[in-house]
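Open the structure in your viewer and show side chains as sticks. The tour below goes from one selection to the next.

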Amino acid sequence: MPKGYWVSAYRTISDPEKLAAYNKLAGPAIEAGGGRILARGSRVVAHDAGIAERTVLIEFDSFEQAVAAHESAAYQEALVALSDGVERDFRIVEGID
């Protein structure tokens, strides 16, 4: 069964306090949903139209698990805390294997 991934590329972080509140809630929600953080950091080399800002990659055992974790009440609470604190491109993608 192909794995599922959350890929989040931040364009801007306008409110670091909201991002910190989100991180505090999102980490446990992701872990409870079966997610494993593979990359989360500020070292980014961007090419083409990319922006060298925070990028996060999270792996789940399946695409369905990744979608369910995003829809969970705990993660939705984290999104409320984040609100308009960042601008990001967030995607859930299915792996090849």
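Begin with the aromatic rings of this predicted model. A search of the whole structure finds four aromatic pairs. Select Trp 6 and Phe 60: the ring centres are 5.2 Å apart and the planes meet at 45°, so this pair counts as tilted. A pair is called tilted because its angle is neither under 30 degrees, which would be stacked, nor over 60, which would be edge-to-face. Trp 6 belongs to strand β1 (residues 4-13) and Phe 60 to strand β3 (residues 55-60), so the pair ties together parts that are 54 residues apart in sequence. Both Trp 6 and Phe 60 are buried.

Keep Trp 6 and add Phe 90. These two rings form an edge-to-face pair, 5.2 Å from centre to centre with 70° between the planes. This pair also links distant parts of the chain, since Phe 90 sits in strand β4 (residues 86-94), 84 residues from Trp 6 in strand β1. Are the two residues buried or exposed? Trp 6 has a relative accessibility of 2% and counts as buried, while Phe 90, at 23%, is partly exposed. The cut-off for buried is under 20%.

Now select Trp 6, Tyr 22, Phe 60, Tyr 75 and Phe 90 together; they form one aromatic cluster.

Next, go to Ser 8, which is also in strand β1. Its relative accessible area is 4%, so Ser 8 is buried. Which side chain does the side chain of Ser 8 join through a polar contact? The partner is Arg 88, at 3.4 Å. Leaving aside residues up to four places away in sequence, Ser 8 touches Arg 54, Thr 55, Val 56, Arg 88, Asp 89 and Phe 90. Select Arg 54 from that list and add Tyr 10: Arg 54 lies over the face of the Tyr 10 ring, 5.5 Å from the ring centre.

Finally, move to helix α3 (residues 73-82) and pick Tyr 75, Ala 78 and Leu 82, which are buried. Why do these residues count as lying on the same side of α3? They cover an arc of only 50° around the axis, which puts them on the same side. In general, an α-helix has 3.6 residues a turn, so residues three or four places apart point the same way. On the other side of α3, Ala 73 and Val 80 are exposed. Show what covers the buried residues of α3: the cover includes β1, α1 (16-32), α2 (63-71) and β4. The last stop is Ser 83, just after α3, with a positive phi of about 35°.

Conventions. Residues are numbered from 1 along each chain as its sequence is written. This is a predicted model: local features need pLDDT of at least 70, side-chain atom pairs count only at pLDDT 80 or more; totals for chains, interfaces and linings use all residues. Side-chain values use heavy atoms; hydrogens and water are left out. Rings of Phe, Tyr and Trp (its six-membered ring) pair if their centres lie within 6.5 Å; planes under 30 degrees apart count as stacked, over 60 as edge-to-face and the rest as tilted. Helices (H or I, at least four residues) and strands (E, at least two) are DSSP runs, numbered from the N terminus. Buried means under 20% relative accessible area, exposed over 50%, partly exposed in between (1.4 Å probe, protein chains only). A charge sits over a ring if NZ of Lys or CZ of Arg is within 6 Å of the ring centre and within 35 degrees of the ring normal. A polar contact is a pair of N or O atoms within 3.5 Å; within protein, one must be able to donate a hydrogen and the other to accept it, and residues adjacent in sequence count only if both atoms are side-chain atoms. Contact means heavy atoms within 4.5 Å. The arc is that of the directions from the helix axis to the C-beta atoms.
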